[in-house]
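Please work through the following exercises on aromatic pairs, nonpolar cores and a helix with a buried side. Each task is followed by a stepwise solution.

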Amino acid sequence: MTQTPISGLVGAVLLTALASSFTLSAQAAEVLRVAADPVPHAEILQFVQKLDPSLDLKIIEITNGVNSNELLAHGDVDANYFQHVPYLRSQEQALGQKFAVAATVHIEPLGVYSHKHKTFADVPENGTVAVPNNVTNLSRALYLLQDQGLITLKPGFTDPAKNQATPKDIVSNPKHLNILEIESPQIPRSLDDVDLAVINGNYALEAGLNPAKDALGLEKAAGNPYANILVTTPALANDPRIKQLAKDLQSPEVAKFITEKYAGSVIPVAGIKS
């Protein structure tokens, strides 16, 4: 058995350390590709770019019909920022892919809107309510309708984080409302054709709505399980670029930017009182 000379061993250790250092430096120097919805996610990332010029971001704004989780799974982006945990978990099952949550950033309260009525009392019998057609946001919409007194779900359906609701779980519907499931990005366009529409915060903002002012009913921020998150792959979870972006997104400066720019329509997690 040949023994490695101490000097040779030290040299090998130093070379390994230098190689690791170069790898980390190379990672830090590479562009970080992040897929994001245009509003508010891409706008928040643009603010981060100004806040932290050392972080080289390539913000890829996602158009309707593009699955950002598929892009991440296929290595076309390094992270995405557009979704909440319940949706992410359903995507993991659908794609057979595990992802990693790198940061919890903000909440976009789901809202109920109408172009036809000023109060819920004005909604007629057999009125139509447009709701998102994806599983998690459909459940979220039904809980919001229950909170506004429009429907009642089965006993025990009080916590959206524990029980996922479908229209089959409605046990009381006093106005006999018709639940119309539509793709989330299309719902704002339906406002002239339905009595009520339950719209995700980002799509409401893109449509020129102000959730804090225009919604007839809005989700509560405290205890809301639908906070929007920065997501990456397990392989990139410890990448220094991801860690730096996560730190920036959860910083007081970003929280202040969100609070001032969106005036209650988007709420930083750091500013939510339990």
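The exercises below concern the structure shown above.

The model is predicted: local features need pLDDT of at least 70 and side-chain atom pairs count only at pLDDT 80 or more, while totals for chains, interfaces and linings use all residues. Residues are numbered from 1 along each chain as its sequence is written, and side-chain values use heavy atoms, with hydrogens and water left out.

**Exercise 1. Classify the aromatic pair formed by Phe-47 and Phe-257, and state which helices hold the two residues.**

Step 1. Rings of Phe, Tyr and Trp (its six-membered ring) pair if their centres lie within 6.5 Å; planes under 30 degrees apart count as stacked, over 60 as edge-to-face and the rest as tilted. The whole structure contains 3 aromatic pairs.

Step 2. Phe-47 and Phe-257 lie 4.3 Å apart, centre to centre, with 10° between the planes, and the pair is stacked.

Step 3. Helices (H or I, at least four residues) and strands (E, at least two) are DSSP runs, numbered from the N terminus. Because Phe-47 belongs to helix 2 (residues 38-51) and Phe-257 to helix 9 (residues 252-262), the pair ties together parts that are 210 residues apart in sequence.

Step 4. Together with Tyr-262, Phe-47 and Phe-257 form one aromatic cluster.

**Exercise 2. Identify the element that gives the most residues to the largest nonpolar core.**

Step 1. A nonpolar core is a set of buried Ala, Val, Leu, Ile, Met, Phe, Trp, Tyr and Cys residues joined through side-chain atoms within 4.5 Å. Buried means under 20% relative accessible area, exposed over 50%, and partly exposed in between (1.4 Å probe, protein chains only).

Step 2. The largest core has 27 residues; Val-34, Leu-45, Leu-57, Leu-230, Leu-245 and Leu-249 touch the most other members.

Step 3. Elements giving two or more residues to this core include strand 1 (32-36), helix 2 and helix 8 (240-249). Helix 2 gives the most, with 5 residues.

Step 4. A second, separate core comprises 21 residues, among them Val-131 and Leu-144.

**Exercise 3. Determine how the buried residues of helix 4 are placed around its axis.**

Step 1. Within helix 4 (residues 85-95), the buried residues are Tyr-87, Leu-88, Gln-91 and Glu-92.

Step 2. These residues lie on the same side of helix 4, because they cover an arc of only 145° around the axis. The arc is that of the directions from the helix axis to the C-beta atoms.

Step 3. On the face turned away from the buried side, helix 4 carries the exposed residues Gln-93 and Ala-94.

Step 4. Gly-96, with a positive phi near 65°, follows helix 4.
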